[in-house]
Each structure stands twice: as structure tokens, then as C-alpha cells.
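This report goes through one protein chain for a reader who has not seen it before. Single residues, helices, strands and surface are taken in turn.

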Amino acid sequence: MAQDNASRVTEFILLGLSDTQELQLLFFTLFLLAYAMVLLGNLLIIVTVRTDPKLSSPMYFLLCHLSFIDIWYTSVTAPRVLVALLSGHKAIAFEGCMAQLFFLHFLGSSEMFLLTVMAFDRYTAICRPLHYTAIMARGACWALVAACWAGGFIHSTVQTVLTLQLPFCGPNTIHSYFCDMPPVIRLACADTTLTEWLMASNSGLISLGCFLVLVASYVFILAKVRAHVSQGHWKALSTCASHVMVVTLFFTPCIFTYLRPAGTLPTNKYICIIYTTFSPIMNPLIYTLRSSEVKESMWRLWKSCRV
């Protein structure tokens with residue numbers, strides 16, 4: 001038992017994105033700008049929605065929660081990446097690695113569920129407008145958001161427990177800039193075939209299932225818009241177009257990464273940047289640029305701050 005404990009990995013080495021000094025400086029600048037945009041953009045949405053009574057519809061209520069998730073989701077990886085790029089310190093404790101993995105999947109899966117709820121909100125607004133107020137009442141919205149958080153917690157707990165059951169006693173070098181299931185599982189000193197399939201069926205099917213539900217909702221919305229063309233429907237469709245852009249950026253790399261066993265193909269760490277860093281940037285940009293109500297509210301907030 002003492003020998004097993006002595007040989008157990010106590011820390012991992014995150015190789016990061018590049019060993020070249022010039023590229024590290026470039027990546028540091030890009031990540032710093034991206035993280036600043038995520039924080040400022042999403043905080044601006046939260047403050048705008050919370051301070052403007054005109055933005056009290058379910059869509060903006062859900063958007064506010066999406067921005068909140070995006071801030072913490074990016075904060076799981078970005079600050080450590082910035083420190084590693086600046087200082088060159090690439091080691092992360094085993095406990096810290098497991099914590100990063102847990103919160104990454106907790107917040108990431110919660111965002112997937114929330115994006116699905118937002119698609120349901122748009123479907124209800126367009127396809128069942130007379131029942132929209134009753135279906136998407138404030139109590140129902142809170143219940144849906146709570147279900148998203150609960151689903152994310154259960155998913156992440158399962159993933160983390162499966163990872164903790166594996167023995168890590170040999171190599172400790174992770175070919176990525178953060179701790180995630182595929183690169184961590186490859187370091188286990190045991191046959192991980194069953195664990196890989198269980199994790200793929202968990203993360204992969206959640207990503208694919210949410211994506212298919214989203215696609216189905218858009219198909220119904222498009223069919224409704226074609227049958228009943230009006231200014232209100234086109235405005236809702238414009239919002240859906242923004243939603244599609246966010247969904248495509250977020251779900252496509254997630255499905256590619258998780259809907260397969262970890263040992264089948266190497267994980268592309270540059271693809272991971274899309275859904276961990278740059279996808280959260282797009283939320284404030286797309287929703288503010290495509291929504292005249294949000295832009296007007298932000299302008300009023302700006303003028304009130306200058307007074």
C-alpha cells in the first residue's frame with residue numbers, strides 16, 4: 001500500500017499551447033484580450049438586464065444567466081493559462097486538476113442545457129405566442145434554470161467520479177493547456193476502455209442530444225415563419241439566427257471532442273480554445289449587436305453613468 005501511494009501521481013504537467021517564447025507571448029496577449037472581453041461583455045449584459053425593467057422578458061432573463069455561466073466557465077481555464085504563459089510554471093496539483101475538470105464540465109453542461117432552454121423559449125414565442133406568457137412564467141423560468149444547474153452538477157459528478165477511480169502512477173504530462181477527460185484518461189495505468197465508453201456516452205450524448213433538440217426547434221421555427229410571415233416573426237427569427245451562431249460555435253467542437261472514446265484520436269487543443277474561450281466572447285457580441293432593445297438599454301445605462 002505504501003508503494004502504491006508513493007508511486008501515485010501528485011501533479012500533472014500541462015504542456016500548454018507552445019514551447020516557443022514568441023508564440024507564448026502571442027498566446028498570452030490573445031488570451032488576455034479574450035478573457036477581458038468575456039468578463040466585460042458578459043458583465044455588461046448582466047448589469048444592463050438587471051437595471052432595465054424593459055428587459056424583463058424570459059429571453060433576457062435566460063440571457064443574463066447565460067452570461068453569468070460564461071464568466072465562470074471561462075474563468076476555470078483562462079486565468080491559469082495566463083499565469084502559465086507568463087511565468088512558465090506548468091505544473092498543476094492532482095487535486096487542482098480534478099477540480100478544474102469538475103467545474104469545466106459542471107459549467108459547460110449547464111450552459112448546454114441553458115442554450116436548449118433558450119431555444120425552447122424562442123420556439124414557444126414564435127410557435128405558441130398566445131400561450132407564451134403562461135408557459136414561460138417567471139416561476140417556470142426559475143425552475144428551468146435550476147434544472148440546468150442540477151443537470152450540470154449530476155453530469156460533472158459522474159465524470160469526476162469515473163476519473164478518480166482510475167489509477168495514475170506513471171506519466172503525468174498532459175498535452176493540453178487545461179485538465180480535461182480525454183488527455184487525463186490517457187495517462188491512467190489501467191485499461192480504460194470501459195471508462196472511455198461510459199464518459200463518451202455521458203458527455204458525447206449530452207452534447208449531441210442537446211444539439212439535436214436545438215436543430216429540431218429551429219426547423220419548427222422556420223416552418224412556422226414560412227407559413228406566417230410578419231414583422232414580429234421576423235424579429236424573433238433574427239434572434240434565433242444569433243442563437244444558431246452561438247450553438248454552432250459551442251456544440252460542434254464539443255461533439256467532436258467528446259462523442260468518441262478518448263483513445264481513438266488525439267485531442268486537438270486548438271479546437272478546445274473555441275468552446276472554452278472564444279465561444280463565450282460571442283454571446284455578448286451577438287446578442288447585443290442583433291438586439292436593438294439591448295443596445296438601447298446599454299446606451300441609456302451609459303448616459304446615466306456619465307451624469
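## Glutamine 24

Glutamine 24 counts as buried because its relative accessible area is 11%, under the 20% limit used for that class. The model is a predicted one, and this holds for every value in the report. Glutamine 24 belongs to helix H2.

Once neighbours within four places in sequence are set aside, glutamine 24 is in contact with Ser18, Asp19, Leu85 and Lys90. The chain also brings glutamine 24 and leucine 82 to a C-alpha separation of 9.7 Å, although these positions lie 58 residues apart along the chain.

## Leucine 30 and a nonpolar patch

Helix H2 runs over residues 21-51, and leucine 30 has its place there. Is leucine 30 buried or partly exposed? Leucine 30 has a relative accessible area of 40% and is therefore partly exposed, as that class lies between 20% and 50%.

Leucine 30 is one of the residues that make a nonpolar surface patch, together with Leu23 and Leu26. The area of this patch is about 250 Å².

## The protein as a whole

The secondary structure consists of twelve helices and three strands. The protein has 307 residues, of which 50% count as buried. Among contacts between residues at least 6 apart in sequence, 82% join residues at least 24 apart.

The exposed area of the protein is about 14900 Å². Carbon and sulfur atoms supply 71% of that area.

## The three-stranded sheet

The strands form an open sheet in the order E2-E1-E3, and the pairing is mixed. Its edge strands are E2 (91-93) and E3 (173-174), each of which pairs on one side only.

Strand E1 covers residues 11-14 and pairs with E2 in the antiparallel sense over three bridges. Within this pairing, phenylalanine 12 has isoleucine 92 as its bridge partner in E2, and glutamate 11 has alanine 93. The pairing of E1 with E3 is parallel and runs over two bridges. There, the bridge partner of leucine 14 is isoleucine 174 in E3.

Which side chains of E1 point to the buried face? Phe12 and Leu14 point to one face and are buried, whereas Glu11 and Ile13 point to the other and are not buried.

## Annotated transmembrane regions

An unreviewed UniProt entry carries the annotation "transmembrane region" for several stretches of the chain. These are residues 25-47, 59-78, 98-120, 132-154, 204-225, 237-258 and 270-289, according to that entry.

The model can be described over two of the ranges. Residues 59-78 are 90% helix and 0% strand, with 28 Å between the end C-alpha atoms. For residues 204-225 the figures are 100% helix and 0% strand, and the end C-alpha atoms are 32 Å apart.

## Threonine 160 and serine 279

Threonine 160 is found in helix H7, which spans residues 138-164. Its relative accessible area is 10%, so threonine 160 is buried. Leaving out neighbours within four places in sequence, threonine 160 is in contact with Met98, Leu101 and Phe102.

Serine 279 has its place in helix H11, residues 269-289. Why does serine 279 count as buried? The reason is that serine 279 has a relative accessible area of 1%, and the class takes in values under 20%. With neighbours within four places in sequence left aside, the contacts of serine 279 are Val246, Leu249, Phe250 and Ile274.

## The salt bridge

Side chains of opposite charge can pair when their charged atoms come close. How many salt bridges does the count come to? The count comes to one salt bridge.

Aspartate 121 and arginine 122 form this salt bridge, and their closest N and O atoms are 2.9 Å apart. That distance meets the rule because a salt bridge calls for a side-chain nitrogen of Lys or Arg within 4 Å of a carboxyl oxygen of Asp or Glu. Aspartate 121 and arginine 122 are both buried.

Conventions: Residues are numbered from 1 along each chain as its sequence is written. This is a predicted model: local features need pLDDT of at least 70, side-chain atom pairs count only at pLDDT 80 or more; totals for chains, interfaces and linings use all residues. Side-chain values use heavy atoms; hydrogens and water are left out. Helices (H or I, at least four residues) and strands (E, at least two) are DSSP runs, numbered from the N terminus. Buried means under 20% relative accessible area, exposed over 50%, partly exposed in between (1.4 Å probe, protein chains only). Contact means heavy atoms within 4.5 Å. UniProt positions are given in the numbering used here, feature names are shortened, and annotations may be inferred rather than shown by experiment. Patches are made of residues with over 30% relative accessible area and no salt bridge: like charges are joined within 9 Å, nonpolar side chains (Val, Leu, Ile, Met, Phe, Trp, Tyr) within 5 Å. Accessible areas come from the Shrake-Rupley method with a 1.4 Å probe; for residues, only the protein chains shown count as cover. Two strands pair if DSSP finds at least two bridges between them.
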